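Student: Hey, can we go through this protein together? I'd like to get a feel for how to read it.

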Amino acid sequence: MKGCNNFCTYCIVPYTRGREVSRDHRNILREVESLVVDGCLEIMLLGQNVNSYGNDRDDGVHFADLLRELNEVEGLKRIRFMTSHPKDFSDDTIAAIAECDAVCPSIHLAIQSGSSRILKIMNRRYNKEQIVALVA
């Protein structure tokens with residue numbers, strides 16, 4: 001995916017790259033299958049906010065679903081992803097990470113501050129307490 005819908009006070013991404021646009025999951029799956037045939041063992045899913053993947057589409061496929069689909073690709077050994085915006089990190093994504101053998105058990109969370117006051121000024125739409133609960 002590309003773009004961002006978050007409009008953090010310090011960030012230019014929504015203005016320079018536009019709103020979030022998710023690639024069709026079938027195209028991603030075909031691309032990964034082709035890469036694996038060519039010998040690729042690991043992929044990195046990249047987006048300004050991968051956790052909101054699919055929110056702009058009508059097919060009902062979201063980030064956790066994409067992880068599960070890619071996990072079924074024969075020969076793919078590792079799936080990594082970044083960047084994860086904490087406000088969109090769902091229980092379903094956490095479950096998919098736990099369920100999928102190929103998904104690496106590390107998470108890149110773009111936590112910008114440990115201060116709820118500063119996070120509010122930054123328009124991050126989460127607070128310190130929510131991050132602590134999410135990590136727990």
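Student: So what share of the residues in the protein chain is buried?
Tutor: This is a predicted model, and in it buried residues make up 41% of the 136 residues in the protein chain.

Student: And what does the chain expose, in Å²?
Tutor: The protein chain exposes about 7,800 Å². Carbon and sulfur atoms supply 52% of that area.

Student: New topic: how many helices and strands are there?
Tutor: The protein chain has six helices and two strands. Starting at the N terminus, the order is α-α-β-α-β-α-α-α.

Student: Does the radius of gyration agree or disagree with a compact globule?
Tutor: It agrees: a compact globule with 136 residues would come out near 14 Å, and the protein chain has 16 Å. Along its principal axes, the C-alpha trace spans about 50 × 35 × 25 Å.

Student: What about contacts between residues 24 or more positions apart?
Tutor: Those account for 67% of the contacts in the protein chain that have a separation of 6 or more.

Student: Okay, how many disulfides are there?
Tutor: Zero, after a search of the whole structure. Take cysteine 11: the nearest cysteine sulfur belongs to cysteine 8 and is 6.1 Å away, while a disulfide needs the sulfurs within 2.5 Å.

Student: And which cysteine sulfur is nearest to cysteine 40?
Tutor: That of cysteine 104, 12 Å away, and cysteine 40 is in no disulfide either. Cysteine 40 counts as partly exposed because its relative accessibility is 21%, and buried means under 20%.

Student: Last one: how many positive and negative side chains?
Tutor: There are 17 positive and 19 negative ones, and the centres of the two sets lie 10 Å apart.

Key:
Residues are numbered from 1 along each chain as its sequence is written. This is a predicted model: local features need pLDDT of at least 70, side-chain atom pairs count only at pLDDT 80 or more; totals for chains, interfaces and linings use all residues. Side-chain values use heavy atoms; hydrogens and water are left out. Buried means under 20% relative accessible area, exposed over 50%, partly exposed in between (1.4 Å probe, protein chains only). Helices (H or I, at least four residues) and strands (E, at least two) are DSSP runs, numbered from the N terminus. The radius of gyration is taken over C-alpha atoms; the globule rule is 2.2 Å times the number of residues to the power 0.38. Contact means heavy atoms within 4.5 Å. Accessible areas come from the Shrake-Rupley method with a 1.4 Å probe; for residues, only the protein chains shown count as cover. Lys and Arg count as positive and Asp and Glu as negative; His and the chain ends are not counted. The place of a charge is taken as NZ of Lys, CZ of Arg, CG of Asp or CD of Glu.
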